[in-house]
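Please walk me through this protein model, starting with its annotated sites and ending with its inner spaces.

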Amino acid sequence: MHARVRQETLAPAWAVQDILDLFALPFNDLLLQAQTVHRAHHPANAVQQSSLLSIKTGACPEDCAYCPQSSRYQTEVEAAPLMPLDQVLAAARKARDAGAQRFCMGAAWRSPTERQLDQVIEHVQAVKALGLETCVTLGMLKDGQAERLKAAGLDYYNHNLDTAPEHYGEIIRTRTFQDRLDTLHRVRDAGLKVCCGGIVGMGESREIRAGLIAALAGLDPYPESVPVNQLVKAPGTPLADAPDLDPIEFVRTIAVTRIVMPRAVVRLSAGRESMHDSTQALCFMAGANSIFHGERLLTTPNPQAQADALLFERLGLVPMPEAESCTP
């Protein structure tokens, strides 16, 4: 029987002040340290490519202040039921043919029912049969559900911390930070790899960003995959008018994440559509070695695969070797 995770799950591996000290380094010194750490643990110019598909969109009962899929806000997102298997497979084949190594499926649920999980398991098994790594994000998991996903062949489960523990209540009130930890514990106990990161640019301070990174690094073990999302401001959500995050501060966030979690694959995630190529180039220099590609990330725009291919060519980047992608 699953025991409720205690707050001690967050081991004090990195103190927030130590992380703030990294943030405060001269920019070139920080990037040099991050790139040195990166090259010690990963191929220097290899980037893992994933694709993300919303298989059930909108009508979510949660109140996440950043999310246009919440039923509590008036946004442009139209609710849609679980996508039929044939449509999911068509999207997965397209992603694979465009170079994706991992196919991620997101469903806007608070927590899946057993019947909903049955349907997702069919999707996982079919996508896995195409030769792709699989990842899902379905909300909070109950006892036994992570084990069922593992048995179906799932590789990764995504469940982001979103922000620092002390700032969490300012962003989400319908579930607690501890709820997040409980699901992550279930995922680990089932033997699944963890994809877990957060969102920056929600009006938070640098100390809050450091607190998020400390919380991620304090997970035992820290996540194999760490997506760093820049807020995509959605009209109708409480954060629609959040101040823009300085691009250099975003690059610093990537660099500190790389130093603190050296073996993780650090994914440059949401927000790339609005980033200048030079900002993305600095992020790769800072240790980012994974991206989402394709037209959309759930409900938000994302750079086209052709634009990514051109950027990779300009920067001399190549797809990550399969073995490295599977075992970060």
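What follows is a short tour, from the annotated residues to the cores, the pocket and the cavities.

The model is predicted. Start with what the UniProt record says. An unreviewed entry there marks residues 45-272 as "domain: Radical SAM core". Within that span, 35% is helix and 18% is strand. The C-alpha atoms at its two ends lie 19 Å apart.

The record also gives a "binding site", again from an unreviewed entry, at Cys-104, Cys-135, Cys-195 and Arg-267. These positions span 164 residues in sequence, yet no two of their C-alpha atoms are more than 13.9 Å apart, so they gather at one spot.

Take Cys-195 from that group. Cys-195 sits in strand E5, which covers residues 193-195. Is Cys-195 buried or exposed? Its relative accessible area is 1%, so Cys-195 is buried. Beyond its sequence neighbours up to four places away, Cys-195 touches two other residues of the annotated site, Cys-135 and Arg-267. Its contacts also include Tyr-156, Tyr-157, Asn-158, His-159 and Asn-160. Ser-225 and Pro-227 are among its partners too.

Now move to Arg-267. Arg-267 belongs to strand E8, residues 265-268. Arg-267 has 1% relative accessibility, and therefore counts as buried. Which residues is Arg-267 in contact with, leaving aside neighbours within four places in sequence? Cys-195 is one of them. Others include Gln-48, Ser-50 and Arg-102. Ser-225, Val-226, Pro-227 and Val-228 are in contact with Arg-267 as well. So are Ser-290, Ile-291 and Phe-292.

Strand E8 holds Val-266 too. At 0% relative accessibility, Val-266 is buried. Val-266 and Pro-223 are 43 residues apart in sequence, and their C-alpha atoms are 9.7 Å apart in space. Not counting residues up to four places away, Val-266 touches Val-226 and Val-228. Its contacts also include Ile-254, Thr-257 and Arg-258. Gly-287, Ala-288, Asn-289 and Ser-290 are further partners of Val-266.

Return to His-159, one of the residues that Cys-195 touches. His-159 lies in the loop between strand E4 (156-158) and helix H6 (168-171). Its relative accessible area is 2%, so His-159 is buried. Outside its sequence neighbours up to four places away, His-159 touches Cys-195 and Cys-196. Gly-139, Met-140, Arg-175, Arg-180, Thr-183 and Leu-184 are also among its contacts.

Arg-148 gives a contrast in setting. Arg-148 lies in helix H5, residues 145-151. At 29% relative accessibility, Arg-148 counts as partly exposed. What does Arg-148 touch, not counting residues up to four places away in sequence? The partners are Glu-114, Leu-117, Asp-118 and Ile-121. Ala-95 is 53 residues from Arg-148 along the chain, and their C-alpha atoms are separated by 25 Å.

Next come the nonpolar cores. The largest has 93 residues. Tyr-66, Leu-149 and Leu-161 have the most contacts inside it. Apart from this core lies another, of 6 residues. Among its members are Cys-104, Tyr-156, Cys-195 and Phe-292. Two of these names, Cys-104 and Cys-195, also appear in the annotated binding site. Back in the largest core, look at Tyr-66. Leaving aside neighbours within four places in sequence, Tyr-66 is in contact with Asp-162, Ile-171, Ile-172 and Arg-180. Ile-199, Met-202, Leu-231, Thr-237 and Leu-239 are in contact with Tyr-66 too.

Leu-231 leads on to the second largest pocket. This pocket holds about 310 Å³ of space. Its lining has 16 residues, and Gln-230, Leu-231, Asp-244, Gly-271 and Ser-274 lie nearest its centre. By class, the lining has 7 nonpolar, 6 polar and 3 charged residues.

Last come the closed spaces. How many cavities of 30 Å³ or more does a search of the whole structure find? The search finds 2. The second largest has about 60 Å³ of space. Strand E6 (198-200), helix H8 (206-218), strand E7 (225-230) and helix H9 (247-260) each supply at least two residues of its lining. Val-226, Val-228 and Thr-257 are among the lining residues, and Val-266 touches these three. The lining of this cavity divides into 7 nonpolar residues, 3 polar and no charged.

Conventions. Residues are numbered from 1 along each chain as its sequence is written. This is a predicted model: local features need pLDDT of at least 70, side-chain atom pairs count only at pLDDT 80 or more; totals for chains, interfaces and linings use all residues. Side-chain values use heavy atoms; hydrogens and water are left out. UniProt positions are given in the numbering used here, feature names are shortened, and annotations may be inferred rather than shown by experiment. Helices (H or I, at least four residues) and strands (E, at least two) are DSSP runs, numbered from the N terminus. Buried means under 20% relative accessible area, exposed over 50%, partly exposed in between (1.4 Å probe, protein chains only). Contact means heavy atoms within 4.5 Å. On a 1 Å grid over the protein atoms alone, a cavity is a set of points where a 1.4 Å probe fits but cannot get out, and a pocket is an open set with protein on both sides within 12 Å along at least five of seven lines; lining residues have an atom within 4 Å of a point. Grid points are joined across faces, edges and corners, and a volume is the space filled by probe spheres set on the points. Ala, Val, Leu, Ile, Met, Phe, Trp, Tyr, Cys and Pro count as nonpolar, Asp, Glu, Lys and Arg as charged, and the others, Gly among them, as polar. A nonpolar core is a set of buried Ala, Val, Leu, Ile, Met, Phe, Trp, Tyr and Cys residues joined through side-chain atoms within 4.5 Å.
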